[in-house]
Amino acid sequence: MTFLLYCLPSNYGILSKLAGAGYPETTMNDIEKLKRWTPVVVESDLEEQLGRALGIAPVFCRMLVQRGIHSVDEARRFFHPELEQLHSPFAMRDMDRAVARLEQAIQHEERILLYGDYDVDGATAVAMFYCFLERYHRKLDYYFPDREKEGYGLSRAGIEYAAQTGVGMIIALDCGTQAFEAVELARARGIDIIICDHHLPKAALPRAAALLNPKRFDCEYPFKELSGCGVGFKLAQAFVERQGWESDGLRSLLDFVVISIAGDIVPIVGENRVLAYFGIQQLNATQRPGLLALIEQSGKKYPLTIGDIVFGLAPLINAAGRLADAEQAVRLMLAKDRKVAAEYARALSRHNQMRQMFDRDLAKEAEDLLKANLRLSQQKSIVLYEPHWHQGVVGIAASRLAEAYHRPTVVLTQCERDLVGSARSVKNFNIHRAMQACDDLLTHYGGHHHAVGLSLREENLEPFRERFEAAVRAMITEQHLQPEIEYLAEIGLEQITPKFWRVLRQFAPFGPGNPEPIFLSRGVSSNGYARKLNEHHLQIGMWQNGASFAGVAFGWAAEQARFTKRQIFDVCYALLDNKAHGKNNLRLNIKDIRFPD
Ligand SMILES: [Mn+2]
């Protein structure tokens, strides 16, 4: 499941995303509160210890401690990731069985079907595993469910397709953990299923030949936050290790894995950091015609960052699954010919433009519904439903609304006789648990702590609305509901030197779990330069203690007149490397500004 979240590593402010999508810039009065500025709190003893041992500035030690790094050894591993740091895949429950079954399928030349989820994680998982397996095995096929007709996960239609095409084994990627019915159907058809998934399991598990999922309660795998594609990668790693082969070839698959990590917004810590670190290198050097065409179509500039994947590559891949079918994205990623790849990439771009149009329409209607609903300002949750909304964009809409209104949000549309939709949470609030309280009203639900997919019968909509609101109300705190800027440290602008920037970059790739740090500088002076970049955003100049910087303030265009020469203000910002100018050109990515009262 893909969603946008508060913690995105990006050079976009929340307002720019909202403004760009046609969302309101000012929200309901009581929701539009001043953002809280709170310092990152870490154990100061640890910070000092690390500082003495490593000899780097206190702010960087604080960053390390914030990331759970407490020793020099851990710091060394963090700054110098190596593929040897990956965990043994055999620590994952069922891995032995999965590898044995895969070996058997290859030996007996069975037909293997890769079955994916239609989002970016599922599509890259299928492309990755196809590239891996086609070296050893020829009878390969892939399948994606139709979002509207079959819905999420392993479907009856998919199993029947497998049976009709003589498939002996299915590898389900990024789905399957709750596919009880489909797994039973496959058994009846004599087809074995290996599940590679990362969605939260229920108490019972389907009777698959092997079920790889680090979130299984009985799985002792030390890292729980792999993407679905990442779990598939562990299967590939286990297979290679079992054959006693050099694992060098695995590295070439990491361009796919990093796209899944960024696109699925899994935290870039622990094993994901290693995968993302080498993955982003692999992606920047990729020679796959399909990925090259995708990058070109996205318009993103090298070197690509996690943010470029999130905002450039992932939407194109997702557009296929949302508006057409995910197979198109996989065909592109597997394309061997540049011209063909370019054609596929253009098709995805057209789908993406349509997706944006649906997205804008939905945004406008959602805004109208919210304005018309007077109760809403007293509510802690948002549940919106319109039968004509496009199913492919309800998840994006829920993300944006949750972000704009700081409330757990559900957006629903109609699909056949049921309502289906997506739920998105606010920071640190477990929306999956709130769904559990509505269990008996839902036909189906599943996902993660911060994002859930669900379906229900129309007559249950009002009871659900009430129950969900009650559940959220019982669990949520004021802190969840108020937007917050967590800054790493208070520094003067003069502290931002080239060396400072060099050390900071060693923390990349940034993303959830490894956020780009935000700094606070108090009492900086405007140099009188303030230029509108467009109707929303402002570029301003400022200086402090002899150091001067330009900064971009997203959503601050209306305040242009306040930035007169020598105007003093406090500012929270991240640092932004301006790739467009070719050379290192640091700017401030401004998160918030406060003028003296
Ligand atoms: Mn996923």
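This tour of a predicted model moves from one sheet to the helix across it and then to the cavities.

Begin by selecting strands β7, β8, β9, β11 and β10, which in that order form an open sheet of five strands with mixed pairing. Colour β7 (382-385) and β10 (444-447) separately: each has a single partner strand and stands at an edge, so one side of each is left without a neighbour in the sheet. Looking across the sheet, you will find neighbouring strands turned by 15 degrees against each other on average, direction ignored.

Next, narrow the selection to residues 409-415 and 418-424, which are strands β8 and β9; these run antiparallel and are joined by seven bridges. Within this pair, pick Val410, which stands opposite Ala423 in β9.

Now add residues 338-372, which make up helix α16; this helix lies across β7 and β8, and its direction is at about 120 degrees to β7.

From here, turn to the cavities, of which the structure holds two of 30 Å³ or more. The largest contains about 70 Å³ of space, and to see its surroundings select Leu370, Asn373, Arg375, Leu376, Gln379, Ser381, Ile382, Val383, Leu384, Arg465 and Glu469. Both β7 and α19 (461-475) give two or more residues to this lining, with the largest share, three residues, coming from β7. By class, the lining has five nonpolar, three polar and three charged residues.

Finally, select Tyr118, Pro145, Asp146, Arg147, Gly321, Ala324, Asp325 and Ala326, which line the second largest cavity, a space of about 30 Å³. Four nonpolar, one polar and three charged residues make up the lining of this second largest cavity.

Key:
Residues numbered from 1 in each chain as written. Predicted model: local features only at pLDDT ≥ 70, side-chain atom pairs only at ≥ 80, totals over all residues. Heavy atoms only, no water. Pairing = 2+ DSSP bridges. Helix = DSSP H or I, 4+ residues; strand = E, 2+ residues; numbered from the N terminus. Axes fitted to C-alpha atoms, helices over the stretch in contact; angles between N-to-C directions. Contact = heavy atoms within 4.5 Å. 1 Å grid on protein atoms, 1.4 Å probe; cavity = no way out; pocket = protein on both sides within 12 Å on 5 of 7 lines; lining within 4 Å. Points joined across faces, edges and corners; volume = space filled by probe spheres on them. Nonpolar A, V, L, I, M, F, W, Y, C, P; charged D, E, K, R; others polar.
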